[in-house]
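Colleague: I've got the model open and I'd like to check a few of the labels with you. Shall we go through them?

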Amino acid sequence: MYGSYQQLLRYQETGRVIRIAKYARCSSDEQKKNGYTIGDQLDLIDAFCGEYELVSVGEYVDEGISATLEISKRKDLARMIEDAKAGKFDIVVFKCIDRFFRNVGEYYEAQKQLRAAGVTWISIEESDLDPDDPDAAFKINIYLTMAEYEAKKTSKRIRFNNKMRIKNKQVVTGSHCFLFPWKVEGEKRNRYLVKDKENEEMTYDVLDFFEKHQSKQATLGYLNIKYGKQWTMTSLRNLLTDTLLYGEYKGIPDYVEPYITKERFDRIQDILKRNARASSTPNRTFLFSGLIKCPCCGRNLSGNYSRSGGGKYSSYVYRCNAARQQKICPYTISISERKIEAQLLDNLGQYIANEVLRVESITDAQPKNKNEEKARKIKAEMDRLNMMFRKGRIDEAEYDDEYYALDKKLKAIDIDEKPPERDLDALKGLLKTDYRGLYNQLTKENQKAFWRNIIKEFSLDEDRKIIPDSIIFF
């Protein structure tokens with residue numbers, strides 16, 4: 001009656017109905033193409049149950065789950081083992097052993113628990129595998145080892161293919177991985193990322209607001225109130241730190257049409273990194289928090305607020321906490337915010353003029369590179385090749401040959417590295433305005449934003465004077 005399945009023959013003498021649990025698993029589209037869909041597996045198990053007069057008491061399905069994962073990460077497998085311990089069935093039935101496990105260590109952990117519960121298993125397509133037969137243990141090890149090896153090889157191939165597809169600016173993950181402000185378009189095997197036009201204007205607005213006010217909290221409130229959103233601080237930070245903003249994804253430049261330049265993205269990251277923890281007390285704005293570097297230890301000077309004269313007078317000063325509190329820096333000077341502000345306003349024109357002269361002299365001194373045009377043409381050819389592959393006009397093998405040949409030519413070209421050109425228009429334009437008169441009309445919050453939009457950092461000497469060469473402009 002039970003043919004070559006020894007597990008079933010052992011139950012023949014008892015005369016009782018054999019209760020089985022159906023287990024099916026499929027992890028990828030590729031396996032589905034090979035006839036491993038969940039439906040195909042369950043149909044096969046149902047036919048097996050009908051042929052051998054078995055009663056199914058449970059169905060356990062792990063869809064989209066790898067058989068290499070540990071038991072705890074395979075939800076229905078873990079549930080099935082718990083039901084086995086509860087005595088709900090006698091045998092687990094599955095299509096073939098690689099549907100059950102592709103990890104030798106995890107298999108033996110599961111088998112230990114099933115055996116303790118008095119439960120065995122059957123692989124329909126491998127009737128010679130009997131977990132209760134010591135002579136079959138060698139075969140089971142071979143089958144599992146081969147399945148684990150195949151899984152690793154497949155995983156390696158998939159990673160390589162995905163890497164190549166990403167290089168060709170295709171989307172290889174689910175569209176849920178790209179949230180605001182992106183959208184996935186295209187057919188299944190040729191999907192690509194584009195701007196979400198419905199959210200494009202809001203994205204620019206949020207970026208402009210954050211750069212102007214340089215406050216995550218203020219930006220979050222502005223976004224949620226103006227656009228009726230319910231964003232969290234994490235959501236906002238994820239947007240502001242996303243390299244897709246300037247078009248790069250996993251090291252691939254121009255993966256998508258950018259919202260901003262790389263230079264502007266770096267500037268936003270600078271703002272995010274600045275130490276603005278000058279005071280936890282509300283309504284106290286420190287103009288230069290995060291901008292002044294200690295000339296001795298390089299740490300940011302900390303803003304401190306105090307009152308005197310019975311609360312009649314207030315004072316904003318900056319000092320190095322590494323000197324005052326930790327005693328590890330010799331810079332013990334306190335500097336008045338008003339004096340720093342006065343120095344900057346009195347000398348800003350000269351500071352900017354010196355910076356413009358310095359940058360322009362460096363730019364003029366740099367030699368022209370004869371190979372730049374050659375490299376530009378090769379990159380243009382690589383872009384054309386990427387487009388042809390994306391549209392299916394050439395196959396993968398042809399693409400690989402041509403791409404690597406072009407890549408080899410590009411790497412062989414000796415292009416001298418040179419710093420990116422500085423855009424000095426904003427600084428030059430500031431010199432043509434009555435910036436001091438405009439500054440005096442600003443609120444203190446906007447005065448703070450004024451300085452943070454111009455200056456990245458600076459230091460002061462022991463006489464509380466700004467060191468001109470220490471000023472780094474944006």
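**Labels and reasons**

Modeller: Sure, and bear in mind that this is a predicted model. Let's start with Arg 74: this residue is buried but has no salt bridge, and Asp 62, the nearest side chain of opposite charge, is 4.2 Å away.

Colleague: Why is there no salt bridge for Arg 74, with Asp 62 at 4.2 Å?

Modeller: The cut-off is within 4 Å, and Asp 62 is 4.2 Å away, so the pair doesn't count as a salt bridge.

Colleague: Where is Arg 74, and which residues does Arg 74 touch?

Modeller: Arg 74 is in the loop between β2 and α4. Leaving out residues up to four places away in sequence, its contacts include Asp 62, Tyr 23, Arg 25, Arg 99, Phe 100 and Phe 101.

Colleague: What makes β3 and β4 a pair?

Modeller: Pairing needs at least two bridges, and four join β3 (residues 91-94) to β4, so they pair. One of the partnerships is Val 92 with Trp 121 in β4. The two strands run parallel.

Colleague: Which strands are called edge strands, and why?

Modeller: The open sheet has the order β2-β1-β3-β4, with parallel pairing. β2 (55-63) and β4 (120-123) each pair on one side only, and that makes them the edges. On average, neighbouring strands are turned by 25° against each other, direction ignored.

Colleague: Which helices lie across the sheet's strands?

Modeller: Helix α3 (residues 38-52) lies across β1, β2, β3 and β4, at about 160° to β1. Helix α4 (residues 75-85) lies across β1, β2 and β3, at about 150° to β2.

Notes:
Residues are numbered from 1 along each chain as its sequence is written. This is a predicted model: local features need pLDDT of at least 70, side-chain atom pairs count only at pLDDT 80 or more; totals for chains, interfaces and linings use all residues. Side-chain values use heavy atoms; hydrogens and water are left out. Axes are lines fitted to C-alpha atoms, for helices over the stretch in contact, and angles run from 0 to 180 degrees between N-to-C directions. Contact means heavy atoms within 4.5 Å. Buried means under 20% relative accessible area, exposed over 50%, partly exposed in between (1.4 Å probe, protein chains only). Lys and Arg count as positive and Asp and Glu as negative; His and the chain ends are not counted.
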